[in-house]
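Colleague: Could you walk me through this fold before I go back to the bench? I'd like to hear the reasoning along with the answers.

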Amino acid sequence: MRVLVACEFSGTVRSAFSRAGHDAWSCDLLPDEYGSPCHIIGDARELLDQDWDLLIAHPPCTRLCNSGVRWLNKPPPGRTLEDMWRELDEACELFSAFLNAPIPKICVENPVMHKHAKQRIKNFKPHTQSVQPWQFGHGEVKRTCFWLEGLEPLRPTDIVDGREARIHKMPPGPSRWRERSRFFAGIAQAMADQWGTL
């Protein structure tokens with residue numbers, strides 16, 4: 001299959017599909033962490049009409065998720081309410097582009113959304129499923145929702161104990177955003193194993 005992984009700089013999902021023999025590409029505004037030749041730096045929306053079989057998109061969740069809704073009423077220091085609502089609209093436009101892409105199989109990944117995001121996303125529908133890292137070999141808690149088109153929900157592959165909220169407890173720092181956005185390799189492998197054979 002031709003696979004596009006949008007908004008991914010780590011190469012985690014792209015690599016899982018590549019190892020399974022697929023023509024997999026990632027695209028992000030940032031360069032690939034490892035310098036892969038199968039990474040495109042740019043806006044993934046410009047690639048959506050290039051005959052992909054599968055799109056897996058990880059649009060930024062900062063303005064879409066429940067945990068960030070408070071900034072829409074009282075912005076963080078140095079920011080304005082206008083900034084927050086403009087960024088919400090931009091995030092919804094990006095999510096909408098992925099959800100409505102002209103690709104037969106689609107997975108858009110994000111946390112649970114607040115009502116303002118749901119109202120702004122074109123053709124919004126409830127998420128198809130939510131998964132946890134501990135269902136795929138990682139002893140951690142981080143609920144992730146999938147909006148699926150043309151795909152079956154993922155089946156858990158390796159349920160583990162020792163469930164810790166490591167991501168939630170990360171201390172502030174310049175690389176916190178990078179580590180919080182990193183996708184789990186076990187979930188990526190399940191995607192390649194289960195969706196790569198459809």
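Modeller: Below are questions and answers on the sheet, the helices and the cysteines; keep in mind that this is a predicted model.

Colleague: Let's start with the sheet. In what order do its seven strands lie?

Modeller: It's an open sheet with mixed pairing. The edge strands are β3 (39-41) and β6 (129-131), since each of them pairs on one side only. From one strand to the next, the twist averages 20 degrees. Reading across, the order is β3-β2-β1-β4-β5-β7-β6.

Colleague: Is strand β1 largely enclosed or largely open?

Modeller: Take its residues, 2-6, and ask which ones are buried, meaning under 20% relative accessible area. Four of the five pass that test, so the rest of the structure leaves β1 largely enclosed.

Colleague: Which strands does β1 pair with?

Modeller: Count the bridges, as at least two are needed for a pair. β1 has five bridges to β2 (residues 23-28), and these two run parallel. It also has four to β4 (residues 54-57), again running parallel. So by that two-bridge rule the partners are β2 and β4.

Colleague: Which residues stand opposite A6?

Modeller: A6 has a partner in each of two strands. In β2, the residue opposite A6 is C27. In β4, the one opposite A6 is A57.

Colleague: And what is the bridge partner of V5 in β2?

Modeller: Look along β2, the strand joined to β1 by five bridges. There, V5 is matched with S26.

Colleague: What is the handedness of the β-α-β unit that includes helix α1?

Modeller: Helix α1 covers residues 12-19, and the unit consists of β1, α1 and β2. α1 packs on the sheet, touching β1, β2, β3 and β4, and its direction makes about 170 degrees with that of β2. The unit is right-handed.

Colleague: What angle does helix α2 make with β5?

Modeller: α2 (residues 81-99) packs on the sheet too, where it touches β1, β4, β5 (105-110) and β7 (144-149). Comparing its direction with that of β5 gives about 155 degrees.

Colleague: Now the cysteines. How many disulfides are there?

Modeller: A pair of cysteine sulfurs has to be within 2.5 Å to count. For C38, the nearest cysteine sulfur is that of C27, 13 Å away. For C145, it is that of C107, 11 Å away. Searching the whole structure gives zero.

Colleague: Is C145 buried or exposed?

Modeller: For contrast, C38 has a relative accessible area of 24%, which makes C38 partly exposed. C145 has a relative accessible area of 0%. So C145 is buried.

Key: Residues are numbered from 1 along each chain as its sequence is written. This is a predicted model: local features need pLDDT of at least 70, side-chain atom pairs count only at pLDDT 80 or more; totals for chains, interfaces and linings use all residues. Side-chain values use heavy atoms; hydrogens and water are left out. Buried means under 20% relative accessible area, exposed over 50%, partly exposed in between (1.4 Å probe, protein chains only). A crossover is right-handed if, with the strands pointing away from the viewer, the path from the first strand over the helix to the second runs clockwise. Axes are lines fitted to C-alpha atoms, for helices over the stretch in contact, and angles run from 0 to 180 degrees between N-to-C directions. Contact means heavy atoms within 4.5 Å.
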